Each structure stands twice: as structure tokens, then as C-alpha cells.
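Student: I should like to work through this structure step by step. May we begin with the terms that are needed and then take the parts in turn?

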Amino acid sequence: MSSSATIPTSTEVVESAVIRAPLSNVWHLIQLHNFANFWDALKASEWMKGTGADRVDVVKWTFKDGTVLEVKQDEYSNINHLVTYSTITAHPELSYSSAVSTVRCHTVTSGELEGSTFVEWTGKFSSDADVGVIQDAKFKRRDALADLAKAATGKAPKV
């Protein structure tokens, strides 16, 4: 096997956390255009302006490292407490073809964490995503979930 062979990897990421705050404190933060209100890696998150119907559900995320993503909100449910989005453009360009992500919240209904919120953030990537992409997505989600917990519990408000 040559040293340039790719490492086989799953193209799905699943990260989760229990946030010690009620669902209502967490869910109101889960709006794509407001992710910069809790996610420390983001400098800005805002609805895209445009005249076409295709711009209605597109949010521009500007990261502090200079990366800019346009993400399309594919589904948003206040009933099922989930948002699904896909990356449609990126600067700099991504090394893979596509990604679809979902953030889903559930109330913890029993046990010592009753009244807390279970949050799961998944990502499904195209088959051309390599192990570096998957690991990067994993750690970004972990960091974002920690930031979400801080924002929902009021333990370190974002400046």
C-alpha cells in the first residue's frame, strides 16, 4: 500500500450533549441566523439578502478564521425541535462535495438530569470527505455544543 492511500472513514458525525437547562432555554438559540449568538467560532450569522426564492432560507456564517459558509435551511420544526441544513457554498472552497447536518433537541424526562435538554448534532458528508474533514466536524460540533450549554445556562454570556 502506498503512503498516499486514503484512510477509510465513516462519512457521518454524531455528537451530543446533555445541557443542564430546560428545552425552552436551549431551543430558542437553535436558529441558523442566530448561531453566532452562542457559537464562539462564528463572527456573524445572518439571513442572506436576495430577490430570488432560493435566498429565502439561506444563512451566511462568517467564522472568525475567515471561512464563509452559506447554509440552506432545509427543515425547521418547533414541534420536533430540529433544524436541518445543507452547505451550499464555501469560501475557501470545501474539499468535499456536500454535507447535510441536523441539530435536534429532546427533553430529558427522568433520572437525575430530568428537566435538562439532550442535544444531538449530526452531519452526513459526501463520500469524498476524508478523515480530516470528519475529525474537524466532530471537534467543531463538540466546541459548539459546549458554547450552546454556556449560553443556555447563562454561565458565560457571549460578548
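Tutor: We may, bearing in mind that this is a predicted model. One definition is needed at the start: a pocket is an open set of grid points with protein on both sides within 12 Å along at least five of seven lines, and its lining residues have an atom within 4 Å of a point.

Student: Which residues of the lining lie nearest the centre of the largest pocket?

Tutor: The largest pocket has a volume of about 430 Å³. Its lining is made up of 22 residues. Those nearest the centre are L69, L94, Y96, D136 and K140.

Student: Which element gives the most to the lining of the largest pocket?

Tutor: Several elements take part: β3, β4, β5, β6, β7 and α2 each supply at least two residues of this lining. By character, the lining residues divide into 14 nonpolar, three polar and five charged. The element that gives the most, with five residues, is α2.

Student: Which strands stand at the edges of the sheet?

Tutor: Strands of a sheet pair through backbone hydrogen bonds, either parallel or antiparallel. Here seven strands form an open sheet with antiparallel pairing, in the order β1-β7-β6-β5-β4-β3-β2. Each edge strand has a single partner, so one side of it is left without a neighbour in the sheet; these strands are β1 (12–19) and β2 (42–47).

Student: What angle does the direction of helix α2 make with that of β1?

Tutor: Within the sheet, the twist averages 20° from one strand to the next. Helix α2, residues 131–153, packs on this sheet and touches β1, β5, β6 and β7. Its direction and that of β1 make an angle of about 20°.

Student: Which residue stands opposite V14 in β7?

Tutor: β1 pairs with β7, residues 117–125, in the antiparallel sense. Eight bridges join these two strands. Opposite V14, in β7, stands T122.

Student: Which residue in β5 is the bridge partner of V71?

Tutor: V71 lies in β4, where it stands opposite V59. β3 and β4 pair in the antiparallel sense over five bridges, and β4 pairs with β5 in the antiparallel sense over nine. In β5, the bridge partner of V71 is T87.

Student: Which residue in the hairpin of β4 and β5 takes a positive phi?

Tutor: Most residues other than glycine have a negative phi, and most peptide bonds are trans. In the hairpin of β3 and β4, which has four residues between the strands, G66 takes a positive phi near 100°. The hairpin of β4 and β5 also has four residues between its strands. There a positive phi of about 50° is found in a residue that is not a glycine, H81.

Student: Where is P92, and is the peptide bond that leads to it from H91 cis or trans?

Tutor: P92 is placed in the loop between β5 and β6. The peptide bond from H91 to P92 has omega near 0°. This bond is cis.

Student: How is the aromatic pair of F35 and W121 classed, stacked or edge-to-face?

Tutor: A pair of aromatic rings is described by the distance of the centres and the angle of the planes. The structure holds 10 aromatic pairs. In the pair of F35 and W121, the centres are 5.8 Å apart and the planes are at 85°, so the pair is edge-to-face.

Student: How many residues apart are F35 and W121?

Tutor: F35 is in the loop between α1 and β2, whereas W121 is in strand β7. The pair thus links distant parts of the chain. The two residues are 86 residues apart.

How values were computed. Residues are numbered from 1 along each chain as its sequence is written. This is a predicted model: local features need pLDDT of at least 70, side-chain atom pairs count only at pLDDT 80 or more; totals for chains, interfaces and linings use all residues. Side-chain values use heavy atoms; hydrogens and water are left out. Two strands pair if DSSP finds at least two bridges between them. Axes are lines fitted to C-alpha atoms, for helices over the stretch in contact, and angles run from 0 to 180 degrees between N-to-C directions. Contact means heavy atoms within 4.5 Å. On a 1 Å grid over the protein atoms alone, a cavity is a set of points where a 1.4 Å probe fits but cannot get out, and a pocket is an open set with protein on both sides within 12 Å along at least five of seven lines; lining residues have an atom within 4 Å of a point. Grid points are joined across faces, edges and corners, and a volume is the space filled by probe spheres set on the points. Ala, Val, Leu, Ile, Met, Phe, Trp, Tyr, Cys and Pro count as nonpolar, Asp, Glu, Lys and Arg as charged, and the others, Gly among them, as polar. Rings of Phe, Tyr and Trp (its six-membered ring) pair if their centres lie within 6.5 Å; planes under 30 degrees apart count as stacked, over 60 as edge-to-face and the rest as tilted.
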